[in-house]
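Here is an informal walk through a two-chain model, written for someone at the bench. Have the structure open while you read.

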Amino acid sequence: MDKEKYKVIEEALKLEIAAILSQDIGAIDPEIPLHEMGLDSLGFVELLVIMENKFNIKLMESGLTKNDFKTIKALSLKIKELI
Amino acid sequence: MLSLPYSKTKRYLTGIDWIIHVLNYMTLKETGAGFMSQIVIEVVGKVNADELFKSLNAFIKKYPVLYGYASRDINLAPYWKIPALKKTEVLFDSITAGYDDGFENIIEFLEKKINTAFQDKRHHLAFSLINSENKSYIAMRFDHLIFDAANAEAFIHLFQKQWIDAKYPDSNIIPEPPHLNLWKQKFLAGQRVNRAFLKIADKIPPRVFPLPASKSGFKFKILSFDKQTADEIAEKAFNEAGYLMLMPYALAVSVYCFNKIFINRSITSGDYVIPVSVNTKKQAKEQKSEFFNNVSFFIFKIKADLAENFPGLLNSIKEQMYNQVKEDLPGDLCKASLLMRIAPLFLLGRLMKIYLKGEVASFSFSYLGEATYTSNDFMANKVLNLFHMPRVPIPPGIGIFFQRSNERLNIILSYIDGILKNDEAEEIMNLIRPMLGVK
């Protein structure tokens, strides 16, 4: 059940990041740091807003620590924890 | 329903393009030169002036759009009139700098260039080459009427790619519809933008530096950091402002440092209002042109009493950025500005000053986080740096720009001569360094 939930979040993140970066979803690696993918402040905040609305959570208020937000993998775990 | 093909000699202007035309009009009126910018590429070795001139000509002649001008269609929508292809030479000049000419002398020469107005309404682009002892500088001066900063960089990058292939194919301008539909959507966006501006507006104008009586050219101060320092700055920003929060961090540092100069000058009235341009190209669902402007804006209002409290300042900027993304202010501005195209430039210029009691902003700010010139070379010369020298619309006539170029970080202060004393401009740059954690 937990694994399924994680997969849904990870897929949603990959889809949105691919859209924001105008890239193919297949090119999105969940372990690459988001800043290395080319995501900037604006794209990142857009991503957080989309995820907040989708999963009814608050991400901006959580301090945005690098360890929790650095990769799709880390961010998926953080979102899973907040749901 | 069949849609008619777009005319190849006509490209409709978006609302943001029209706002850029207004800013160009206002700046031209005040200084005799328009809302222009200049990209400077610093390379190792000498660039052959003849080869550069010939290659640029071969490249540029494929883009008649660069020789266009604004006009108004029978449906009243403004458009860019694209002339037919004809033989024309690119504006180009080259000089050889003396052995003793340091970077400051080079900047002085580049300042002269960026403060030179285009003499013809069909001219929007010019190139300069400075060859010094062991470095060269290639400068592309351009009107914002045809390019935003990212598009201009992408355009030089395209030149580099085509120079390598020695092939300059014909250009194909992506058409833009006249946007004379979806009126309700535009009016609703206008309503939301109006509310957002009323929230920012105050009984008194924002805090500004008084403009000098006589306005000549713009002056520039540049800080440039190598990859290691740029990475350290990014790390500091991530730790203090949160992951990927470089733009809010850079803006907070800028407000903090500008505030010191305002205090020294005993200018204490009003809060800070700062427009921040954002690139909308990446987020666009449809393919966007390499020309014209794919930008929109955030508008930040910073309470003056927060300016000396750095953590509070950072939080306020992050919160406003979050709210404006959530409410899609940049998107609403794009939609609402389509309605403004009906207004002539002089009238829209006046309307823009209404909300803030005759002012437009305290200073301009932008953060260009990703380079669009990504080649390591220019022609066959290794690129050392690429930086922008933008003229800021008047008002406010002063702005600060953070820009990544490949692996470097450049910070450029641009101001109309006389709005700041040289010492004050130096002081801003000196204050920024320790704020970013640089010794």
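## A small sheet to start with

In chain B, B:Tyr12 sits opposite B:Tyr79, a residue of strand β4(B). Keep in mind throughout that this is a predicted model. The two strands that hold this tyrosine pair, β1(B) and β4 (residues 78–81) of chain B, run antiparallel and are joined by three bridges. They belong to an open sheet of three strands in chain B, ordered β1-β4-β3, with antiparallel pairing. Its edge strands are β1 (10–12) and β3 (69–72) of chain B, each of which pairs on one side only. Ignoring direction, neighbouring strands of this sheet are turned by 40° against each other on average.

## The six-stranded sheet

Chain B also has an open sheet of six strands, and here the pairing is mixed. Reading across, the order is β8-β15-β14-β11-β9-β10. The edges are β8 (218–225) and β10 (295–302) of chain B, which each pair on one side only. From one strand to the next, the twist averages 20°. Helix α6 (residues 227–241) of chain B packs on this sheet, where it touches β8 and β15 (408–416) of chain B. The direction of α6 makes about 80° with that of β15(B).

Here are three of the strand pairings, side by side.

| Strand pair (chain B) | Sense | Bridges |
|---|---|---|
| β8(B) and β15(B) | antiparallel | eight bridges |
| β14(B) and β15(B) | antiparallel | eight bridges |
| β9(B) and β11(B) | parallel | two bridges |

If you want to find these pairings on screen, a few residues make handy markers. B:Ser224 has B:Asn410 of β15(B) as its bridge partner, and B:Ser405 is partnered by B:Arg408, also in β15(B). For the parallel pair, look for B:Val276, which stands opposite B:Phe365 in β11(B). Strand β14 spans residues 398–405 of chain B, and β14(B) and β15(B) form a hairpin with two residues between the strands. In that hairpin, B:Asn406 takes a positive phi near 45°.

Is β15(B) enclosed or open to the outside? Eight of its nine residues are buried, so β15(B) is largely enclosed by the rest of the structure.

## Two domains and the core they share

Chain B is divided into domain 1 (10–165) and domain 2 (183–435). Their C-alpha centres lie 22 Å apart, and the contact takes 54 residues from domain 1 and 48 residues from domain 2 of chain B. On the domain 1 side, α1 (15–31), β2 (36–44), α3 (103–114), β7 (135–143) and α4 (149–165) of chain B each supply at least two residues. The largest share of that side, 14 residues, comes from α1(B). By class, the domain 1 side divides into 34 nonpolar, 14 polar and six charged residues.

The largest nonpolar core has 148 residues. Among the members that touch the most other members are B:Ile138, B:Tyr249 and B:Leu313. Helix α7 (residues 246–264) of chain B gives the largest share of this core, twelve residues. At least three residues come from each of domain 1 and domain 2 of chain B.

What does B:Ile138 contact, leaving aside its neighbours within four places in sequence? The contacts of B:Ile138 are B:Ile41, B:Val43, B:Val47, B:Phe127, B:Leu129 and B:Phe378.

## Where the chains meet

Between the chains, 17 residues of chain B are in contact with 22 residues of chain A. On the chain B side, α7 and α8 (310–326) each supply at least two residues, and the largest share, four residues, comes from α8(B). That side of chain B has eleven nonpolar, three polar and three charged residues.

One residue to zoom in on from the chain A side is A:Leu64, in the loop between α3 (41–55) and α4 (66–69) of chain A. Not counting residues up to four places away in sequence, A:Leu64 touches A:Phe69 in its own chain, and B:Gly242, B:Tyr243 and B:Met245 across in chain B. Is A:Leu64 buried or partly exposed? A residue needs 20 or more other C-beta atoms within 10 Å to count as buried. A:Leu64 has 19, so it is partly exposed. A:Leu75 is eleven residues away from A:Leu64 in sequence and 10.0 Å away in space, C-alpha to C-alpha.

Technical notes. Residues are numbered from 1 along each chain as its sequence is written. Chains are lettered from A and ligands numbered from 1 in the order in which they are written. This is a predicted model: local features need pLDDT of at least 70, side-chain atom pairs count only at pLDDT 80 or more; totals for chains, interfaces and linings use all residues. A nonpolar core is a set of buried Ala, Val, Leu, Ile, Met, Phe, Trp, Tyr and Cys residues joined through C-beta atoms within 7 Å. A residue is buried if 20 or more other C-beta atoms lie within 10 Å of its own, exposed if 12 or fewer, and partly exposed in between; C-beta atoms are placed from the backbone. Domain bounds come from an automatic or database domain assignment. Two residues are in contact if their C-beta atoms, placed from the backbone, lie within 7 Å. Ala, Val, Leu, Ile, Met, Phe, Trp, Tyr, Cys and Pro count as nonpolar, Asp, Glu, Lys and Arg as charged, and the others, Gly among them, as polar. Two strands pair if DSSP finds at least two bridges between them. Axes are lines fitted to C-alpha atoms, for helices over the stretch in contact, and angles run from 0 to 180 degrees between N-to-C directions.
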